[in-house]
Amino acid sequence: MSKGFAYPIYVTRPLLPDLNRLQAKMAEIWESKWLTNCGSQHARLEERLTGYLGVPCLSLFNNGTIALLTACQALGLSGEVITTPFTFAATPHVLAWSNIRPVFCDIDPHSLNIDPARIEPLITRRTSAIMPVHVFGHPCDVDSIRDIADKHRLKVVYDAAHACGVGLNGVGIGNFGDVTMFSFHATKLFHTVEGGALACKDGCLKENFELLKNFGIQDEDTVLLPGINGKMNEVQAAIGLLVLDELAAEQARRKRLIETYANCLRPVEGVSFYRDPIGVDYNGQYFVVRISEKEFGCSRDQVYEKLKEYNVFARKYFHPLCSDFPSYRRLPSANHANLPVAAQVAREVLSLPLFGELTTAQVEKICSILASFRRPLKAYPPASQGSCGKGAADSGPDAGKLISNL
């Protein structure tokens, strides 16, 4: 391991608040003897996050999946919902659990989000909504999606699991569509260990969320709806308050690391990455590259395995496609012939380590290791020989390729 790191560098590491501050928070909760059911910690976090996200209404949940399930129930979705195959499993699973058929739509080759140009041909009389995902925290084409939804009278539910704190032209990402779900899982930039939220503009819809996440209970004598238990507890909320205090500093560190990655990898032929257009305030959730086997000289899978030998543990987000899961692969929309871009992207994407405790020197070393795997085109062998990393790196000044719409 002399060429690599002495200890594992994982794809992410949770932002952990100071233990003494956490103990003080726990003392507050112990003093109150109020552990769940929307106590003072919950109320404070909801108020602060509403301001941070810049949304009119916010409802906290115990996790993002339950939040998304609740959104489907509150909006009365049924039949079919158009979504992306390039996402975490929770997105289509929520639809299946709601007795809704996911209809997979191909993605844009640059942003990797759902391609609005491919949505309309998938709309049928059974379609009730569109469920786009702000993949890796990069905003969808919200204007085009809104126009399509308005034209066909469809609901729009955004999965913004990666996009907490993202802004678009000065507007919080939770202001688009009918409902936006945020995840506060420990792997996310902002987290409550486990947790999530729904944002909306309609106060009546928020009231419905509040009922549904608490068994449909209105008061001691009245149960209005067949609800579920989706409440965030006081310990989760307290940790969220402490993490929120440290979020700006974490984002600043991550953004410096992202620029280091970009500067180091821009010259490496066969490695490309997306940069948001002007007007997007990115949150620093991930740094994701695409490995072109033809240009780089070895495949993404070979790079992924080779990095482990240097104690670097990247992730193949999102592979396989959700449309390839046994539960969905028989759906007509899951056929790879209908999803050529998503199928290619799933073979190429690699999420590299990114968290505030990383140093720029460590990022530079990761980039150097990755670049060393590249083989010049003239020496490129068949992929089946698995020769990744055995040739000299070629990082000439004109070798860079940057996926960008700047």
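Let me begin with a term: a residue is called partly exposed when its relative accessible area falls between the buried range, under 20%, and the exposed range, over 50%. By that definition D147, with a relative accessible area of 45%, is partly exposed, and so is its partner R146, at 43%. These two residues form a salt bridge in which the closest N and O atoms are 3.4 Å apart. Please keep in mind throughout that what we are looking at is a predicted model.

Let me step back to the chain as a whole. The protein chain contains 12 helices and 19 strands, and its C-alpha atoms fill a box of roughly 75 × 55 × 35 Å along the principal axes. For 406 residues, a compact globule would be expected to have a radius of gyration near 22 Å, and the value for this chain, 22 Å, agrees with that. Of the 406 residues, 55% are buried.

Now to the charged pairs, of which R146 with D147 was one example. The count of salt bridges comes to 23. Another of them joins K25 to E28, with 3.8 Å between the closest N and O atoms; because the two residues are three apart in helix α1, which spans residues 19-32, about one helical turn separates them. Here the two partners fall into separate classes of accessibility, since K25 is buried at a relative accessible area of 10%, while E28, at 36%, is partly exposed.

A further salt bridge is formed by E259 and R275, whose closest N and O atoms are 2.4 Å apart. This pair links distant parts of the chain, with E259 in helix α8 (residues 247-265) and R275 in strand β14 (residues 274-275), 16 residues apart. E259 counts as partly exposed at 35% relative accessibility, whereas R275 is buried, with 18%. Elsewhere, salt bridges with shared partners connect E46, K206, E210 and K213 into one network. The charged end of K213 also sits over the ring of F61, 5.2 Å from the ring centre, and in a similar arrangement the charged end of K365 sits over the ring of F5, 4.7 Å from its centre.

That brings me to the aromatic residues. The structure holds 13 aromatic pairs. One of them, between Y10 and F313, is tilted, with 5.2 Å from centre to centre and 35° between the planes. The pair brings together distant parts of the chain, as Y10 belongs to strand β1 (residues 9-10) and F313 to strand β17 (residues 312-313), 303 residues apart. Both rings belong to partly exposed residues, Y10 having a relative accessible area of 45% and F313 standing at 25%.

F86 and F136, on the other hand, form an edge-to-face pair, 5.9 Å centre to centre and with 85° between the planes. This pair, too, links distant parts of the chain, 50 residues apart: F86 is in the loop between β3 (80-83) and α4 (90-97), and F136 is in the loop between β5 (127-131) and α5 (142-152). F86 and F136 are both buried, and together with Y286, Y317 and F318 they form one aromatic cluster.

Finally, let me turn to the surface. F215, I217 and V223 form a nonpolar patch there, with about 260 Å² of accessible area together. Of these residues, I217 lies in strand β11, residues 217-219, and counts as partly exposed at 33% relative accessibility.

Terms used
Residues numbered from 1 in each chain as written. Predicted model: local features only at pLDDT ≥ 70, side-chain atom pairs only at ≥ 80, totals over all residues. Heavy atoms only, no water. Phe/Tyr/Trp six-rings, centres within 6.5 Å; stacked < 30°, edge-to-face > 60°. Helix = DSSP H or I, 4+ residues; strand = E, 2+ residues; numbered from the N terminus. Buried < 20%, exposed > 50% of the residue type's maximum accessible area, 1.4 Å probe, protein only. Lys NZ or Arg CZ within 6 Å of the ring centre and 35° of its normal. Patch = residues over 30% accessible without salt bridge, like charges linked within 9 Å, V, L, I, M, F, W, Y side chains within 5 Å. Areas by Shrake-Rupley, 256 points an atom, 1.4 Å probe, with all protein chains shown as cover. Salt bridge = Lys/Arg side-chain N within 4 Å of Asp/Glu carboxyl O. Rg over C-alpha atoms; globule rule 2.2 N^0.38 Å.
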